[in-house]
Amino acid sequence: MPEGPSIIILKDLIADLHLGKPKVLEVAGNVTTIDKERLLHQKINSFKSWGKHFLICFDDFTIRIHFMLFGTYLINETKKTPVKLGLTFKQDQINFYTCKVDLLEGDINDHYDWRSDIMSEHWDNKLAVKKLKEIPSSYICDALLDQDIFGGVGNIIKNEVLYRTKVHPLSKIEDIPIAKLKAIIKEAQHYSFDFLKWKKENTLSKHWEVYQQKKCTKDHQVTKKELGKTKRQCYVCTICQKKYTPK
DNA sequence: ACGTATGTTATCCT
DNA sequence: TAGGATAACATACG
């Protein structure tokens, strides 16, 4: 569920319901982080997303859903797991499970910079370059997971982007040529949209070139190891992927 | 059947 | 005190 493109899929599914600006007729769920009364009988203006966050925008506040690692949702269905937050409209119902729910006060635009959402039409390559230059000693594998820079990028995207741009995860930003850095940023956005397309087709895993692979596309051995400050799984072809080091 | 994992954060420890 | 390690969440997949 988690990475940015998966949130777009949810947003698209809700758009397909043609809800317009629906009024919340019932609020269910065992959520403890928000006051459910706040939503009852209120009108939803829009459903948005930022990175891995799904946003339900009301007049004066926004409900933020984060699915973390295990979160799921069902539209016009329920399951046995206790629902965390369930919203019922005139015709339809959306149920969220195992997720983190928060309420953001005021205008949603005051909470988010849409330029750093990898799936946004406002995504800004130059801003990403600027932010990367501010953390020169970070490893690129950590930087790609930094939600303040690459909102929506997760571990799959990270691994595939580094393989496709032929960069070793333990290259430090200051050692990567600027042209290569820009290529990584561009590919992060490009691969995220491929991810979206393939996920919709149910063929995402077929297109993995390094993530959870034993051999890369050139039939080289792929190693799997927790690398960087974030200690997330990195799948690396040490033949195809270059580790940039100080001159 | 079991081990692993698309994520983040609070808390405990050094 | 800054940082790192750990646990927690609950489910699907191979």
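These questions and answers work through a predicted model of a protein with DNA strands B and C.

Q: Why is Leu69 called exposed?
A: Exposed means over 50% relative accessible area. Leu69 has 59% relative accessibility, so Leu69 counts as exposed. Its place is the loop between β4 (61–66) and β5 (72–75).

Q: What makes the nonpolar surface patch that includes Leu69?
A: Met68, Leu69 and Phe70 make this patch, of about 360 Å². Residues in a patch need over 30% relative accessible area and no salt bridge. Leu69, at 59%, is over that cut-off.

Q: How do you know that Phe70 is near DNA strand C?
A: Near means that a heavy atom of the residue lies within 4 Å of the strand. Phe70 is one of the residues around DNA strand C, along with Thr81, Thr98, Lys229 and Lys231. Of the strand C atoms that come within 4 Å of the protein, sugar and phosphate account for 50%. By class, this surface has 1 nonpolar, 2 polar and 2 charged residues.

Q: What makes the pair of Lys231 and DNA strand C a polar contact?
A: A polar contact needs N or O atoms within 3.5 Å. An N or O atom in the side chain of Lys231 is 2.7 Å from a phosphate oxygen of DNA strand C. That pair therefore meets the cut-off of 3.5 Å.

Q: Which residues are closest to DNA strand B?
A: They are Lys52, Gly154, Tyr211, Lys224 and Arg232, and 18 residues surround the strand. Sugar and phosphate account for 60% of the strand B atoms that come within 4 Å of the protein. The surface near this strand has 8 nonpolar, 5 polar and 5 charged residues.

Q: How do you know that Lys52, His66 and Tyr211 make polar contacts with DNA strand B?
A: Set each distance against the cut-off of 3.5 Å. For Lys52, a side-chain N or O atom is 2.9 Å from a phosphate oxygen of the strand. For His66, the distance to a phosphate oxygen is 3.4 Å. For Tyr211, a polar side-chain atom lies 2.2 Å from a phosphate oxygen. These distances are within 3.5 Å, so the pairs count as polar contacts. The elements that give two or more residues to the surface near strand B are α4 (155–164), α5 (178–201) and β10 (232–236).

Q: Why is the pair of Arg64 and Asp102 called a salt bridge?
A: A salt bridge needs a side-chain nitrogen of Lys or Arg within 4 Å of a carboxyl oxygen of Asp or Glu. The side chains of Arg64 and Asp102 meet at 3.4 Å, N to O. Arg64 is in strand β4 and Asp102 in strand β8 (residues 100–105), so the pair ties together parts that are 38 residues apart in sequence.

Q: How many salt bridges does the whole structure have?
A: A search finds 9. One of them joins Arg115 and Asp113, whose closest N and O atoms are 2.8 Å apart.

Q: Why are Arg115 and Asp113 called partly exposed?
A: Partly exposed falls between under 20% and over 50%. Arg115 has a relative accessible area of 37%, so Arg115 fits. Asp113 has 29%, so Asp113 fits too.

Q: Why is Glu160 called buried, but Arg164 partly exposed?
A: Buried means under 20% relative accessible area. Glu160 has 0%, so Glu160 is buried. Arg164 has 22%, so Arg164 is partly exposed. The two form a salt bridge, with the closest N and O atoms 2.8 Å apart. In helix α4 they are 4 residues apart, which means a separation of about one helical turn. Elsewhere, salt bridges that share partners join Arg64, Lys100 and Asp102 into one network.

Q: What makes the phi of Asn76 worth a note?
A: Phi of Asn76 is near 55°, a positive value in a residue other than glycine. Asn76 is in the loop between β5 and β6 (85–88). At 40% relative accessibility, Asn76 counts as partly exposed.

Q: Why is Pro82 called exposed, and Asn30 partly exposed?
A: The cut-off for exposed is over 50%. Pro82 has 55%, so Pro82 is exposed. Asn30 has 42%, so Asn30 counts as partly exposed. Pro82 lies in the loop between β5 and β6. Asn30 lies in the loop between β1 and β2. Their C-alpha atoms are separated by 7.3 Å, though the residues are 52 apart along the chain.

Conventions: Residues numbered from 1 in each chain as written. Chains lettered and ligands numbered in written order. Predicted model: local features only at pLDDT ≥ 70, side-chain atom pairs only at ≥ 80, totals over all residues. Heavy atoms only, no water. Polar contact = N/O pair within 3.5 Å; in protein donor to acceptor, adjacent residues only side chain to side chain. Nonpolar A, V, L, I, M, F, W, Y, C, P; charged D, E, K, R; others polar. Patch = residues over 30% accessible without salt bridge, like charges linked within 9 Å, V, L, I, M, F, W, Y side chains within 5 Å. Areas by Shrake-Rupley, 256 points an atom, 1.4 Å probe, with all protein chains shown as cover. Buried < 20%, exposed > 50% of the residue type's maximum accessible area, 1.4 Å probe, protein only.
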